[in-house]
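Reader: Please take me through this model, and justify each term against its definition.

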Amino acid sequence: MPSHSPPWAVNAEGVPRSLSPPPKQEREGEMPKDIHNTPPLLAGAHADTETYNAMYEASISDPEGFWAEHGKRIDWIKPFTKVKDTSFAHDDVHVKWFEDGTLNVAENCIDRHLATRGDQTAIIFEPDDPNEPAQNITYQQLSDEVGKFANVLKDLGVKQGDRVVLYLPMIPAAAYAMLACARLGAVHSVVFAGFSPDALASRINDSGAKIVITSDGAPRGGRVTDLKGNVDKALLHCDDHVKCLVVKRTGQQVTWQENRDIWYDEMAASASTFCHAAEVGAEDPLFILYTSGSTGKPKGVVHTSGGYLVYAGMTHQYTFDYQENDVFWCTADVGWVTGHSYIVYGPLVNGATTVMFEGVPTYPDAGRFWAVCEKHKVNQFYTAPTAIRLLMGQSDDFVTKYDLSDLKVLGSVGEPINPEAWNWYNEVVGKGKCPIVDTFWQTETGGHLITALPGATKLKPGAATKPFFGVQPVILDPQSGEEITTVEAEGVLCMKDAWPGIMRTLWGDADRFVSAYFADYKGYYFTGDGCRRDADGDYWITGRVDDVINVSGHRMGTAEVESALVAHEKVAEAAVVGYPHELKGQGIYCYVTLMSDADPSDELVKELQAWVRKEIGPIAKPDVIQWAPGLPKTRSGKIMRRILRKIAENEVDGLGDTSTLADPSVVDDLIANRAVK
Ligand code: WTA
């Protein structure tokens, strides 16, 4: 790789110092016209504005040609001849990419790198305890470990198309297990290890998995969660045939059920490192990931193999300007889509070095992120605004005492980033020389939709800026559903046509797939987010417009918290909304109507908080519980959440028309007793 002067330098306002293209010679290799598939190219993107514009234009005017070319960035067993067959028409929603091609995702993430990068580090594992040695796992070792894992799963009867649930800490075995499923053509569904046994059980049951992979315990922030114990509780609600494969992490005591529980290490001891890779269709499912919607139970978002992999790899390379030998660190958990696309699949398909961190930003102290950046010479760092806000509240010494000179690009994901956090990230962490890519995307989208590209995009604190290649954002008037075509616009954010990384369906619920995403605004994919487009055509995400809230970057349906609350014997009715929270972005505000024989008390508040925590997981613990003798309802019995949101936000002067309420007096009571004044 030729060295280059960084095109990413930004001044204090976050505006790239130099938007001039790098020398011609360097550029030639960057945006190859003809991307060959073997060995995988890491020829860097180094986008400049002109190249971005030209590439974006090409991706929209000739999607077939554009993606035919970029589809070649991965290895195909049988090359595709059909590129794109997509429609968002409400009565005919379908999405197929590269549909007659076949491939194996694990081969793409591992085998094809071995000839050139067998000894290169694929995964750097940084344990929770800073005194425990980190591990550098080479591509060759990754190959051996995934081969063994796949053979163990095969011996347990896992076949192509079978579902496998993972409930694991952030350890290399999580990546091995995901890739082992991919090798066999099995479909993984990773469940965040912070979810409760009930949440785990419902995901095992919905996916129809016959096996769940866990570990004895999960160290995090100096404490240990009894993961195996949680699985034991979950399996009480699952089919008797579900097996539990246990990876050893802590060595702690675990309860054991013969014929159901299996130690991974015992089976792996005699397993071969070679496992044949299944040939799967581009449109065969790679994984299911459950996520919250505005109503009802979590949705099993299905991603398939070919398009997802192309898109994860391409966004990883371009958005972060990943270059040969760079060390990339995404701090997300593999239980979320960010971990799927930007810890595992995107980096590994690109032959990159990816950091997997087991711990939390504040353990043993608030300098941990920066200590890890220094220790592993991290070049691209990707985290969530909630973590930035948490850390900026501590002394800057936690940052400045570490050498962060290897950092080149900083990323943000999960929620809108407030300018104050953006500026701190830029100045204190990035020293004003690392562009911040604020990446807007969703579990459903597979990869980034709207993001800056280092060197190519003028940065603005708080703006997600411009669409990625192939992505066509539109802003609709929420009432009429009409597209607002003026440059400056505000409304709901939809997408006009499909890109290769979009989900294909909801597991077992094709009708809900259409009704949840393609019915409100016919002919478009509806993100659920509000958005503003400024005079420069930059997009600013303004937050969810549905009943999904974003708590510390974790997406949650208020309906899930409500159903957990009403499952408590003392609760008659509950309504849950988000409210602005300094650290978490949004906090969980619950209005609770008790059964007539129950007395409101501080103890009951604590009891209900613990109850929701137990039902869903620690991330769902209510921040505020307000007793509500009545809830504002229309005469037809619909709860008027708009009013509840305003009260929770302490914006009681702008409640609007309450005359349609069945009993307007309940609002006065709620205002008088609101938690935030
Ligand atoms: C929000 C996470 C503003 C948004 C990858 C979206 C963001 C939801 C951003 C998806 C961003 C994500 N700026 N808002 N850069 N990134 N969001 O499925 O509301 O966990 O709809 O995917 O997070 O959350 P999910």
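Reader: What surface does the protein expose, and which atoms supply 49% of it?

Author: The protein exposes about 25,200 Å², an area computed by the Shrake-Rupley method with a 1.4 Å probe, where for residues only the protein chains shown count as cover. Carbon and sulfur atoms supply 49% of that surface. The model is predicted: local features need pLDDT of at least 70, side-chain atom pairs count only at pLDDT 80 or more, and totals for chains, interfaces and linings use all residues. Residues are numbered from 1 along each chain as its sequence is written, and side-chain values use heavy atoms, with hydrogens and water left out.

Reader: What makes the protein as compact as a globular protein of its length?

Author: The protein has 20 helices and 30 strands, which are DSSP runs numbered from the N terminus (helices H or I, at least four residues; strands E, at least two). Its radius of gyration, 25 Å, is close to the 26 Å that the globule rule gives for 677 residues, so the description holds. The radius is taken over C-alpha atoms, and the rule is 2.2 Å times the number of residues to the power 0.38. Along the principal axes, the C-alpha trace spans about 70 × 65 × 55 Å.

Reader: What share of the residues is buried, and what share of the contacts joins residues at least 24 apart?

Author: Buried residues, those under 20% relative accessible area (exposed is over 50%, partly exposed in between; 1.4 Å probe, protein chains only), make up 61% of the 677 residues. A contact means heavy atoms within 4.5 Å; among contacts between residues at least 6 apart in sequence, 72% join residues at least 24 apart.

Reader: What makes β21 and β25 edge strands?

Author: They belong to an open sheet of 4 strands, in the order β21-β22-β24-β25 with antiparallel pairing. Both β21 (473-476) and β25 (539-544) pair on one side only, and this places them at the edges. Neighbouring strands of the sheet are turned by 45° against each other on average, direction ignored; the axes are lines fitted to C-alpha atoms, for helices over the stretch in contact, and angles run from 0 to 180 degrees between N-to-C directions.

Reader: Why are β21 and β22 said to pair?

Author: Pairing requires at least two bridges found by DSSP between two strands. β21 and β22 (residues 489-495) share 4 bridges in the antiparallel sense, so the criterion is met. Pro473 stands opposite Met495, and Ile475 stands opposite Leu493. β22 also pairs with β24 (residues 525-533), again antiparallel, over 6 bridges; here Ala489 faces Arg533. Of the 7 residues in β22, 6 are buried, which leaves this strand mostly covered.

Reader: Which strands form the sheet of 7, and what packs on that sheet?

Author: This open sheet has the order β5-β4-β17-β16-β18-β19-β20, with mixed pairing. Its edge strands are β5 (135-138) and β20 (436-439), each paired on one side only. Neighbouring strands are turned by 20° on average, direction ignored. Within the sheet, β16 (residues 327-330) and β17 (residues 353-357) run parallel over 3 bridges, and Val327 has Thr353 as its bridge partner. Helix α11 (residues 337-349) packs on the sheet, touching β4 (121-126), β16, β17, β18 (380-383) and β19 (409-413); its direction makes about 150° with that of β17.

Reader: Which residues does UniProt list as "binding site", and why does Val566 count as partly exposed?

Author: The unreviewed entry lists Val566, His568 and Val571; UniProt positions are given in the numbering used here, feature names are shortened, and annotations may be inferred rather than shown by experiment. Val566, in helix α17 (residues 558-566), has 38% relative accessibility and therefore counts as partly exposed. Beyond four places in sequence, Val566 touches Val571, Ala572, Glu573 and Ala574.

Reader: Why is His568 called buried?

Author: Its relative accessible area is 4%, so His568 is buried. His568 is found in the loop between α17 and β28 (571-581). Leaving aside neighbours within four places in sequence, His568 contacts Leu604, Glu607, Leu608 and Trp611.

Reader: Why does Gly221 count as partly exposed?

Author: Gly221 has 25% relative accessibility and therefore falls in the partly exposed class. Gly221 lies in the loop between β9 (218-220) and β10 (223-225), and touches Asp128, Val360 and Tyr363, not counting residues up to four places away in sequence.
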